[in-house]
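Biologist: Please choose a single part of this model and examine it closely for a first-year student, explaining each term when it is needed.

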Amino acid sequence: MNVENRILDKKLDILEEEEYGLDNSLNSEDVLEDISVDEIIDDDDKFSWKETSEIINYKNLPEYFHPKIFKLNSKHPYDYFNLMFSDEIISLISEQTNIYANDFIVSNTEYLEKYPNSRVKKWKNVNNEDIKALIAVYIIMGINKFPDITGK
Amino acid sequence: MGSDISNIMTLNKFHILNKFLHLADNKLQGENKTDKFKNFYSILKRNWNKVFKPGQYLTLDEGIAAFQGRSEFKQYMPAKPEKWGLKVYLLADSNTDYILSAKLYRGKSEATSNYTVKLVINILENFMWKGHIVFMDSFYCCPILTRHLYFKDTYVTGMTRGHRLGMPKEILKDLNLEKNELKTFSVDYFHLDAFKDKKKLLLIITSAYSNEIKTSISLKPESLVKYNEYMNSVDKANQKNSYYRFPHKNRKWWKVMFFELLEISISNSYIIYKNDGNKLSHKEYRLEIATSLIKNYKTKESLNYILLDSKKQHYIGYIPQKLKRLCKYCKQSKTIWMCQHCTKKKKVVLLVFV
């Protein structure tokens, strides 16, 4: 599994270099206030509409191109899922889950004294495999549909 | 597989994991509420775009993630089947329905003047200068935006409304169209198609389509045919996501976003899986993912307990594919019931209800 992952990483790096310098730009804050539209909007008087019957020649228009899709050449669905939900993401979740749970236990001591049989008392720190199993349960619960009171 | 959920983890363990699932440290949060899933999303979005480079046609539209808890981001849309929810702007590749980016609508405070222009520029930030043609509906598309995108080598085909900034309002006032009549107006950089079938439609276009009115089912100009063909790819992607969605309600808005992003990732990965020539259906694909996710998971507490217990006790279940077999005890009548654990050791026990 590890060896395969390394090969995969190399392949991915190649694809990344080709185009789309995504690494820096996608991490930037998506705050709309930074965009200034004033320049764009100031010249709105300049539109001079005319009725035509000819087709306008768009000389700059690029030729049609197809999507480029990465070929993994694998038969195991999990390999494809791992492209999206990589180990990086799963370790992020397990790390943050542990932090939140420990904070919760420290800050809610009164609550836990009041309810000594609470589930929270059984908390043990999780690892990546626990999070993977949780996601598996989420997926299976989506597939397996049981009738409910609304009849849907 | 359904009965096997109890074999993966106990109910207590599921509840406690589900309760504490978290994506960001609360102590490090700033004023921005979207910090709750910001790091998680930026890694995910990078992964989506690593393995897929979109074709020329892109579609921009919105989707709704159903949500009924309390949040300032919650929207009410009476016309939709899911009336309450989070509004998410989605950019998709039109040919494959692969989703390239998602953006949460953060309520009224975000919607200042010229909101949609800012929004589209922000969403398309990483897709400028590549010669894409973007399909949009009348919520986004207007002449100012079209001109701005034109100078960044990005082109537009979109429905628009008469009162938008930069539209020829005086011309449109006097415009009387007969049925199936097409009139085009042009500016230096793009043109406007006005067409009437039952309603007057206005389309802004920056790409060369022919002026002829084509006959497919009904009479339409080519621009409208293209618009109808490619505009629905976000809706199709949303439809695919809705089939096997985790069915539970949630009170926390960022968990709803987490499930939304999980769904998008799975269906995105399924598109790449299909492109390699594999043939599993969507449902089987999800099952395979789930089974390999729990491969290394040690189910000490739950699984071993059941296996030990099964030596003393039998568990009733159907025979696979409901094939009938002889009852072990009476040896006369046939039955579809048997013990599920006994089959693994090839000691078949069948039961009959008399």
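Modeller: Helices (H or I, at least four residues) and strands (E, at least two) are runs assigned by DSSP and numbered from the N terminus. The model is predicted, and local features need pLDDT of at least 70, side-chain atom pairs count only at pLDDT 80 or more, and totals for chains, interfaces and linings use all residues. Residues are numbered from 1 along each chain as its sequence is written, while chains are lettered from A and ligands numbered from 1 in the order in which they are written.

Chain B has eleven helices and 16 strands. Chain A has seven helices and two strands, arranged along the sequence as α-α-α-β-β-α-α-α-α. A residue is called buried if 20 or more other C-beta atoms, placed from the backbone, lie within 10 Å of its own, exposed if there are 12 or fewer, and partly exposed in between. Of the 354 residues in chain B, 36% are buried; in chain A the figure is 20% of 152 residues.

Two residues are in contact if their C-beta atoms, again placed from the backbone, lie within 7 Å. By this criterion, 93 residues of chain B touch 80 residues of chain A. Helix α3 of chain B (residues 38-50) supplies the largest share of the B side, namely eleven residues. That side comprises 44 nonpolar, 33 polar and 16 charged residues. Here Ala, Val, Leu, Ile, Met, Phe, Trp, Tyr, Cys and Pro count as nonpolar, Asp, Glu, Lys and Arg as charged, and the others, Gly among them, as polar.

The part chosen for the close look is helix α10 of chain B, residues 282-293. α10(B) contains twelve residues and reaches 17 Å from its first C-alpha to its last, close to the expected 16 Å; the expected span is 1.5 Å times one less than the number of residues. Which residues of α10(B) are buried? They are Y285(B), R286(B), L287(B), I289(B), A290(B) and L293(B). These buried residues pack against α4 (77-84) and α7 of chain A, and also against α9 (253-275) of chain B.

The packing with α7 of chain A (residues 128-143) can be described by its geometry: the axes of α7(A) and α10(B) are 8 Å apart and the angle is about 155°. The two helices are therefore roughly antiparallel. Axes are lines fitted to C-alpha atoms, for helices over the stretch in contact, and angles run from 0 to 180 degrees between N-to-C directions. Angles under 35 degrees count as roughly parallel, over 145 as roughly antiparallel, 65 to 115 as roughly perpendicular, and the rest as oblique. The crossing of α7(A) and α10(B) is left-handed; a crossing has this hand if the near helix is turned anticlockwise from the far one by less than a right angle, and is right-handed if clockwise. On the α7(A) side the contact involves K132(A), A133(A), I135(A), A136(A), I139(A), I140(A) and I143(A), and on the α10(B) side K283(B), R286(B), L287(B), I289(B), A290(B) and L293(B). Of these residues, ten are nonpolar, none is polar and three are charged. R286(B), L287(B), I289(B), A290(B) and L293(B), which take part in this contact, also appear among the buried residues of α10(B).

The other two helices against which α10(B) packs, α4(A) and α9(B), also cross one another. Their axes come within 9 Å and cross at roughly 125°. α4(A) and α9(B) are therefore oblique to each other, and their crossing is right-handed. The contact is formed by P77(A), Y80(A), F81(A), L83(A) and M84(A) of α4(A) with S265(B), I266(B), N268(B), S269(B), I272(B) and Y273(B) of α9(B). Eight of these residues are nonpolar, three are polar and none is charged.

A further residue of chain B with a contact in chain A is P143(B), which lies in helix α5 of chain B (residues 143-150). P143(B) counts as buried because it has 22 C-beta neighbours inside 10 Å. Apart from neighbours within four places in sequence, P143(B) is in contact with F47(A), as well as with R164(B), G166(B), M167(B) and I204(B).
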